[in-house]
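Student: I would like to go through the terms used for this model and see what supports each one.
Tutor: Then let us take them one at a time.

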Amino acid sequence: MQNGVLDAHATGSRFRCKSTSQQGSRHTSQSSSSKSEPTACLSLHTTQRGRPLGDSSLRGCLMTHSRSNPFFRGYQNFLLTRELMITPDVAGEVYEPCYRSLISHQESLQDWQLIGKECVYNDTHAAAINGPSSPETEALTNQGFIHTVVYSLHGENNGTSQQICDLGSAEVAQVLINQLSFETGFYSRVFEVTSAHLPDEEWDELQHLVEHADTTQLMFECFALPDSDAVGFKLIGTPWTDKHLNAILGFDLSTLQARQAEEGFPEEFIRVLTLAGQADVRVRSSTPTAAD
C-alpha cells in the first residue's frame, strides 16, 4: 500500500482502488434490538455488509443483477475500499458496529497495527489512538474500539454502484476481482437477438431498411446476412446515455430515437437497439433462428 492507495490491479479490467480517506460512510437504519447511539454510528446488518465478521469467504455476497436491460453484463468498474469495523466505547452498553475510513495520516498502518486498538471517530472517518496524530483527529470526538479491518468491494451494475461483499484482505479481494473480470474487461459486446419480438410486417420492413436506409446520422450501420436470413447492426458512439451523446453529438437519446423513427425504423426495433446502446454493446444481429 502506497500513500493510502491499495496496491492491487486487475489486468484488462476497469478496476481501480480508491484512497479510503475519500470514501464516506454508508448509513442504514438501526435494528430494533440495538440502543440508539450517542453518535452517527448506525447498524449495518450482515445481509447489507456482505458477510459475517471474520468470514473471508464469498458467503452472503450481494449478487443482485437488474434484468431491466438484458444487455448489461453484470458488474464493472470495481472499487475496493479499506474500512475499520468499530463499536462505540460506552460502558455497559452494546451497539451494532459501524464502518469508517482511516484518516489519511494513518493509511500507511498495517491491519495488525489497527485491529484490537482503541480509536476515535466521527460520521465518516476514524483514527487509532496509538497511531500517528494529525489535525484531522481534532474532528474525531467519539470513542470506540476497532474489531477488524474489512475490504469492501463495490461494482457498477446496470449503471448503479452496488456493494458486492466485504472481504478479509486485499489479496482475497483481488482473487474475487479476477474471477468477476474478463481479460478484455467485457463479457461480450456482440449479441444475437431473435427477430420474434417484431411482427412479420415489421421484420420485412426492417430487412428492406437495412438495404436502403441512410443511417449515417443514426449512430449505427446496417449489414445483411442473407445466408442465415439475418440482419446486423454496428452501433456507434456507445454507451447511448444522454451525457455521452450530448458530449459527442450535442443532443440526447430521445432526439436520436426520434431521428431513427423519422427514417422509418419500427418502434420496437428502436427500443431494443436503445437497450443495447445503453449497455455499450457494439454489434447486434437479429435472426429468426436465435434462441428467445
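Tutor: Buried means under 20% relative accessible area. Keep in mind that this is a predicted model.

Student: Why is Glu 83 called buried or exposed?
Tutor: Glu 83 has a relative accessible area of 3%, and the cut-off for buried is under 20%, so Glu 83 is buried. Its place is in strand E2, residues 76–88. The C-alpha atoms of Glu 83 and Tyr 99 are separated by 6.0 Å, with the two residues 16 apart along the chain.

Student: What makes strands E9 and E10 a pair?
Tutor: Two strands pair if there are at least two bridges between them. E9 (residues 220–225) and E10 (residues 230–235) have six bridges, so they pair, and the sense is antiparallel. One of the bridge partners in E10 is Gly 232, opposite Phe 223. Four residues lie between the strands of this hairpin, where Asp 229 takes a positive phi near 55 degrees.

Student: How do you know that Phe 220 touches Trp 240?
Tutor: Contact means heavy atoms within 4.5 Å. The residues that Phe 220 touches include Trp 240, Phe 233, Phe 265 and Phe 269.

Student: Which residues have the most contacts inside the largest nonpolar core?
Tutor: Among them are Phe 71, Leu 206 and Phe 220; the core has 30 residues. Helix H6 (267–278) is one of the elements that each supply at least two residues, and the largest share, six residues, comes from H6. A second, separate core of 24 residues includes Leu 80 and Ile 164.

Technical notes
Residues numbered from 1 in each chain as written. Predicted model: local features only at pLDDT ≥ 70, side-chain atom pairs only at ≥ 80, totals over all residues. Heavy atoms only, no water. Core = buried A, V, L, I, M, F, W, Y, C linked by side-chain atoms within 4.5 Å. Buried < 20%, exposed > 50% of the residue type's maximum accessible area, 1.4 Å probe, protein only. Lists of a residue's contacts leave out its neighbours within four places in sequence.
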